[in-house]
Amino acid sequence: MKVLVLGAGVAGVCSAYYLAKQGHSVTVIDRLEGSAMETSFGNAGQVSFGYASPWAAPGIPLKAAKWLFAEHPPFSFKPDGSLYQLQWMLKMWANCTPAHYKINKERMVRVADYSRKCLAKLREDTHIQYEARQKGTLQLFRTDEQMAASEADMRVLQEMGVAFQLLGRDQLSSAEPALELVKEKFVGGLRSPDDETGDCRLFTLALTKMAEELGVEFRFNESIQQIQRQGDSITGVISNNQLITADAYLVCLGSWSRPLLRNIAPIPVYPLKGYSITVPIADPDFAPQSTLLDESYKIALTRFDNRIRVGGMAEVAGFDKTLNPKRQATLLMVLNDLFPKASHEKTDVNFWTGLRPKTPDSVPIIGKGPAKNLYLNTGHGTLGWTMSTGSARLIADIISGNEPEIRVDDLNLSRYQ
C-alpha cells in the first residue's frame, strides 16, 4: 500500500518507520527543511510513561484563575481573536471532573505504557542513539496538598500495573543526589522508575535515516496546501501546487492538523505554547541525573549528556511563537532553585518556544479519520515524545488492518461525537 504521511515531527517519522517496517511504500511531506524542526525540536526531553496525566484535572479552573496573577504562572491565557479558542477552553474545563480525569488518565497511561515497550524494543533492535537515559522520573511536591493529590494518580498507576514509588523528603536524594542541598524545600515526591530521558530531536533525526534505509521518501520544504476529498474518500494532497496521490493518508501535523482539516472535519486540537532553555552543565555532581517535574511550576528538568533542558508552562495564545523573556526567567529560576551549582551563572542559554497540539481531554487522537482512507495520529499535547513510538505502532497496525496490541477504540475521533 502507498501511504502519504503529513508531518515530519517525532509522531510522523515514527509512523513512517513502522509503516515501512510493515511493508508499505511511504512518503513523508513537511514544510520545513528537515525532521523535528518544530515542536519536536526543543521539548523538555522527558519520556514520562508513568507521569502521563491530563492537564484537564479537578481544581484546574480555580488554579488557572489564580495563576493569572502569579509571578511565575505555569498557565496563562491570551485571546487570539477566535471563537474556537473559547470553545476549546470550555471543552477542556468540562473534562476537569474526577470522573473524566480518571477516564482520560487511564487512556493516556495505556498509550504511554505501550510506548515504553515499543521504545525499548526499538532501542534493542536498532541501537538508536539519542543521549538516552533510563533512570526514572521524579515528580517533586512542595506542599502536603500536592502530595495528597497524587493519590488519585497512584491508584490509576496501580490499576494499570505501572511501577511507582512514593518518596519522603529524606528519600529524594536516593533518586537525585544533588537534591540533598535543597531537600527542605520539598515534602516528598512520586518516582516513576521506568521513565526515561533523551533528546527528541536527535532521536527523530536518527530514526529518519533508518526510515530512509527502509525506502521511506522524505519531501522537505513542501507546503501542504489542501487535502482533496471526493465522497467518503481522500483523492490526493496538493503540496507545492502539485497533486500527490496515495492509497492511505496519515495526518501527523500536530497543532497544524486542525487548520488543514477544517474543510473536511473539525478536530479539537489547539496549540498550547511552551518554552524551554538548554544550558551546558558546569559540574555533573550537582546536576540532575534524569528528569524532575516541579509540581508547583509545572516545569521539567532533564539531563542530557552534557546539557540540561528545562521546559514547561502552557500559554493558550493561538499560533503566537514570540519569545517572552519572562518565561526564560521562570525557567532559570526553577533550575537555580533545584540545582544551584549545576550551571554557571552567566552561561550561554538557548531559549526556545514551541506549540504542543492539545486536545480538550489531553488524550491523543489515534485512528481512522472522517474519510475511509484518512487516518490521524495527532493531539499528543506535552507527551508527543513519550507516546511517539506507541502511537505510531498503533496507527501502523490500524492502517495495515492488523489487530492492535492494546485497546484503541476510545482513542479515535469518534469519542468527541
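## A tour from helix H10 to the salt bridges

Select helix H10 to begin: 15 of its 17 residues are buried, so the rest of the structure largely encloses this helix. Buried here means under 20% relative accessible area, exposed means over 50%, and partly exposed is in between (1.4 Å probe, protein chains only). Helices (H or I, at least four residues) and strands (E, at least two) are DSSP runs, numbered from the N terminus.

Before moving on, note that this is a predicted model, in which local features need pLDDT of at least 70 and side-chain atom pairs count only at pLDDT 80 or more, while totals for chains, interfaces and linings use all residues. Residues are numbered from 1 along each chain as its sequence is written, and side-chain values use heavy atoms, with hydrogens and water left out.

**Stop 1: along H10**

Keep residues 384–400 selected and look at the two end C-alpha atoms, which are 22 Å apart. The expected span is 1.5 Å times one less than the number of residues, and for the 17 residues of H10 that gives 24 Å, which agrees. Now click on Gly 390, where H10 bends by about 35°; the bend is the angle between axes fitted to the seven residues ending there and the seven starting there. Just after the helix, Gly 401 takes a positive phi of about 80°.

**Stop 2: Asp 320 and its partners**

Side chains of opposite charge can pair when their charged atoms come close. A salt bridge is counted when a side-chain nitrogen of Lys or Arg lies within 4 Å of a carboxyl oxygen of Asp or Glu, and a search of the whole structure finds 28 of them.

Select Asp 320 and Lys 78, whose side chains meet in a salt bridge at 3.7 Å, N to O. This pair links distant parts of the chain, 242 residues apart: Asp 320 is in the loop between strand E17 and helix H9, and Lys 78 is in the loop between strand E4 and helix H3. Lys 78 counts as partly exposed, at 48% relative accessibility.

Next, add Lys 273, which also forms a salt bridge with Asp 320, the closest N and O atoms being 3.6 Å apart. Lys 273 sits in strand E14, 47 residues from Asp 320. Is Lys 273 buried or exposed? At 1% relative accessibility, Lys 273 counts as buried.

**Stop 3: Glu 315 and Arg 327**

Finish with Glu 315 in strand E17 and Arg 327 in helix H9, 12 residues apart. Their side chains meet in a salt bridge at 2.5 Å, N to O. Glu 315 is buried at 7% relative accessibility, and Arg 327 is buried at 10%.
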